[in-house]
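User: I would like to learn how to read helix packing and overall fold in a single chain. Could we work through an example together, beginning with a pair of helices?

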Amino acid sequence: IAMAGILIIAHAPLASALLSCAYHVYGGELERIRAVDIAPNVDPNEMVEKIDVLFRASIKQNSGIILTDLCGATPANIALKLAKKNDFPLLSGANLSMVLRTIAYRSRPLEVLVQAALAGGSQGVMRIA
């Protein structure tokens, strides 16, 4: 079964920090997962082209999913252009729970993966004390 590629696009340094945490939890590097930190004052159109090349070269096969941090912000706008260009689902509100759930379910059908990722993200937010 092919695993969906995962692309995390977020404000610097959040994307790479989330990926580093996933490596920690899963015990090393993971295939077909990339993180792109978006620095302030970047040209969004230029970033879309750069990320699309990276995405195609490293993780894009049959299916993929894009995670971003904050809906409406520059990273999300870049991610939206990529999602539309590649016909991949885009989820906002990325947190560690969402990333870990996405990794755990990425060999499932894409719609199952999307629902699991959304559930993981929202279920990871709770009052614990």
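Analyst: Let us begin with a helix pair, bearing in mind that this is a predicted model. Helix α4, residues 96-104, packs against helix α5, residues 110-123, at an angle of about 150°, and their axes lie 7 Å apart.

User: How should I describe the relative direction of α4 and α5?

Analyst: The general idea is to compare the angle between N-to-C directions with a cut-off, and angles over 145 degrees count as roughly antiparallel. Helices α4 and α5 are therefore roughly antiparallel to each other, and their crossing is right-handed.

User: Which residues of α4 and α5 meet?

Analyst: From α4 the contact takes in Ser97, Met98, Arg101 and Thr102, while α5 contributes Leu113, Ala116, Ala117, Ala119, Gly120, Gly121 and Gln123. Sorted by class, the residues of this contact between α4 and α5 comprise five nonpolar, five polar and one charged.

User: What is the angle at which α1 and α4 cross?

Analyst: Helix α1, residues 14-26, crosses α4 at roughly 55°, with the two axes coming within 10 Å. That angle makes α1 oblique to α4, and the crossing of these two helices is right-handed.

User: Which residues make that contact, and how many of them are nonpolar, polar or charged?

Analyst: On the α1 side the contact is made by Leu18, Cys21, Ala22, Val25 and Tyr26, and on the α4 side by Leu96, Val99, Leu100, Ile103 and Ala104. The contact of α1 with α4 has 10 nonpolar residues, with no polar and no charged ones, whereas the contact of α4 with α5 includes five polar residues and one charged residue.

User: Where do these helices fit in the chain, and what pattern does the chain follow along the sequence?

Analyst: The general idea is to list the elements in order before turning to their packing. The chain has five helices and four strands, and along the sequence they follow the pattern β-α-β-α-β-α-β-α-α.

User: Why can the chain be called as compact as a globular protein of its length?

Analyst: One compares the radius of gyration with the value expected for the number of residues. Here the radius of gyration is 14 Å, close to the 14 Å that the globule rule gives for 129 residues, so the chain is as compact as a globular protein of that length. Along its principal axes, the C-alpha trace spans about 40 × 40 × 25 Å.

User: What share of the residues is buried, and what share of the contacts joins residues 24 or more positions apart?

Analyst: Of the 129 residues in the chain, 41% are buried. Among contacts with a separation of 6 or more, 71% are between residues 24 or more positions apart.

Definitions and conventions:
Residues are numbered from 1 along each chain as its sequence is written. This is a predicted model: local features need pLDDT of at least 70, side-chain atom pairs count only at pLDDT 80 or more; totals for chains, interfaces and linings use all residues. Side-chain values use heavy atoms; hydrogens and water are left out. Axes are lines fitted to C-alpha atoms, for helices over the stretch in contact, and angles run from 0 to 180 degrees between N-to-C directions. Angles under 35 degrees count as roughly parallel, over 145 as roughly antiparallel, 65 to 115 as roughly perpendicular and the rest as oblique. A crossing is left-handed if the near helix is turned anticlockwise from the far one by less than a right angle, and right-handed if clockwise. Contact means heavy atoms within 4.5 Å. Ala, Val, Leu, Ile, Met, Phe, Trp, Tyr, Cys and Pro count as nonpolar, Asp, Glu, Lys and Arg as charged, and the others, Gly among them, as polar. The radius of gyration is taken over C-alpha atoms; the globule rule is 2.2 Å times the number of residues to the power 0.38. Buried means under 20% relative accessible area, exposed over 50%, partly exposed in between (1.4 Å probe, protein chains only).
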